[in-house]
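Hi there,

Here is the structure I promised to pass on to you. Have a look at it first, and then read my notes below.

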2 protein chains.
Amino acid sequence: MGDHNTDTEAILRRALEASGQRFTEQRSAVFRFLRSTESHPTADEVFLRVRSDVPGISLATVYKSLETLVGCGLAAKLTYGDGSARYDGRTDDHHHVRCLECGSVVDLPGRVDAHEVHRLEASAEGFRVTGVRLELTGYCPGCDTPTSAAPA
Amino acid sequence: MGDHNTDTEAILRRALEASGQRFTEQRSAVFRFLRSTESHPTADEVFLRVRSDVPGISLATVYKSLETLVGCGLAAKLTYGDGSARYDGRTDDHHHVRCLECGSVVDLPGRVDAHEVHRLEASAEGFRVTGVRLELTGYCPGCDTPTSAAPA
DNA sequence: ATCCTTGCAAAGCATTTGCAGTCAC
DNA sequence: GTGACTGCAAATGCTTTGCAAGGAT
C-alpha cells in the first residue's frame, strides 16, 4: 500500500530532482508539515512548528523552502491584505472561505462550475487565461457572534 | 444632467459626513483620480499622479486617504502577492483578470452566476458568507509573446 | 474654538539578500 | 570535489504611526 511518509518524500525528491535542486531535511520537514495540515499556515507558523523536527532551522530557510515548493508546484501561496502570506499544501484546484475577523482560511469542498469559468474567460479579451481563483469571505463560527461584527 | 465633477464631490462629501470625517482637497483628488481610471493603481501610482492636482501632498496622506475611501465603501483594496496593494474606484461587484507577467489588472464585464455562488456558500458550513472574490490569472496581450512565458 | 487632517520623519513588519560555512550528490 | 543550501544578520520595500502645524466645520 505504500507508506505515507515515504510517498511524500518520494514526491518531493522527484520534483526537486526535476528542477536540479537538492533534497534537504529542511525542505522535507516544511513539505511534510504543509501536507499534514489544513490550516493554511503563515511562514512564521510553519517556522514555529517545523522547529520541533529540525531544531536549528532558520526563518529565512523556511521562506526559501516555501518558495521552492511553490516553484515546484508542490504548494500554493495565498495572499490577502492582512499582513502575511499563507501557504497551502493542497495542489489540486479548490477554493477557500476566509474569516474577515480572525483571518482563518478553510477549504471548500465544491468547485465553481467550469462552464461559468469559461464564460468569464471569454470576456477576458486578449488575455490567455491560465488560472482561476475564487474565495468566499465572511465570518467563521467562532467569530460570528452578537458581540463581534454585528450585521448591518 | 449633473456635472460629473460635482457629482463625484457630492458623493465623497456625503460619505465622509456620514462617518464624521472631513472633506479635504487631498481626499477629493485621490477619489477623483481613482474614479477616472481603470488601471487599478498602487498607492505610489496614485501619489505620483495626484501630485499634479495637489502639489504638496505626501505619500502618507495618499495612504491615509485611500484607507479612508475604502472605509467609506468608496473604493476597494486589491491585494496580490506581488509587492504593493492596488486600489479600485469601482464599488459595484465585479471581477478581474490579472497578468502574471506585468501585474496589470483589468475589469471583467461578466459576473459569476449567483446560483453558483450560493451553491458554494452552502458548502461553507458554519460560515456566514458576506462576499465573493473571483479573479482570473493569465497573460495579457502585451506579455503573451513567444519570448515571454512560453506555455508548458 | 474644536478636533480632524496633513506632512514629515521615524518606526514597523514581512520578506529577501549577501555571504561564509556546510552538506547533498 | 563541486555547486547548491543553510543560518545569520543586515537590508529592502511597502505601509503605518507619532507629532506639531494647519485647516474644515
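To start, is His40(B) buried or exposed? His40(B) is buried, with a relative accessible area of 2%; buried means under 20% relative accessible area, exposed means over 50%, and partly exposed lies in between (1.4 Å probe, protein chains only).

Before we go on, a word on the ground rules. This is a predicted model, in which local features need pLDDT of at least 70 and side-chain atom pairs count only at pLDDT 80 or more, while totals for chains, interfaces and linings use all residues. Residues are numbered from 1 along each chain as its sequence is written, chains are lettered from A and ligands numbered from 1 in the order in which they are written, and side-chain values use heavy atoms, with hydrogens and water left out.

**His40 in both chains**

You will find His40(B) in the loop between α2 and α3 (43–50) of chain B. Helices are DSSP runs of H or I with at least four residues, strands are runs of E with at least two, and both are numbered from the N terminus. His40(B) is not a glycine, yet it has a positive phi of about 50°. In chain A, His40(A) sits in the loop between α2 and α3. Its phi is near 50°, a positive value in a residue other than glycine, and at 1% relative accessibility His40(A) counts as buried.

**How the two chains are related**

Two copies of a chain are related by a rotation about an axis and a shift along it. Here, a turn of 180° and a shift of 0.1 Å along the axis lay chain A on chain B with an RMSD of 0.1 Å. The two copies are thus related as by a two-fold rotation axis. (Copies are superposed by least squares on the C-alpha atoms of residues with pLDDT of at least 70 in both.) Which C-alpha of chain A is nearest the axis? That of Leu134(A), which is 2.2 Å from it. The same surface serves both copies, as 100% of the contact residues of chain A recur in chain B; contact means heavy atoms within 4.5 Å.

**A helix to practise on**

Helix α1 of chain B covers residues 4–18, so to speak a run of 15 residues. From its first C-alpha to its last it reaches 21 Å, close to the 21 Å expected at 1.5 Å a residue; the expected span is 1.5 Å times one less than the number of residues. Thr8(B), Leu12(B), Ala15(B) and Leu16(B) are the buried residues here. They lie on the same side of α1(B), because they cover an arc of only 100° around the axis; the arc is that of the directions from the helix axis to the C-beta atoms. An α-helix has 3.6 residues a turn, so residues three or four places apart point the same way. What covers the buried residues of α1(B) includes α2 (25–36) and α4 (59–72) of chain B. On the other side of α1(B), Arg14(B), Glu17(B) and Ala18(B) are exposed. Just after the helix, Gly20(B) takes a positive phi of about 65°.

**The DNA strands**

Around DNA strand C there are 20 residues, and Tyr63(A), Ala85(A), Gln21(B), Arg22(B) and Thr61(B) come nearest. A residue is near a strand if one of its heavy atoms lies within 4 Å of it. Sugar and phosphate make up 69% of the atoms of DNA strand C that come within 4 Å of the protein. An N or O atom in the side chain of Tyr63(A) is 2.4 Å from a phosphate oxygen of this strand, and a backbone N or O atom of Ala85(A) lies 2.8 Å from a phosphate oxygen. A polar contact is a pair of N or O atoms within 3.5 Å; within protein, one must be able to donate a hydrogen and the other to accept it, and residues adjacent in sequence count only if both atoms are side-chain atoms.

DNA strand D is also surrounded by 20 residues, the closest being Arg22(A), Arg27(A), Thr61(A), Arg22(B) and Tyr63(B). What does Arg22(A) reach on this strand? One of its polar side-chain atoms lies 2.5 Å from a base nitrogen. Arg27(A) has a polar side-chain atom 2.7 Å from a phosphate oxygen of DNA strand D.

Enjoy exploring!

Note on methods:
Copies are superposed by least squares on the C-alpha atoms of residues with pLDDT of at least 70 in both.
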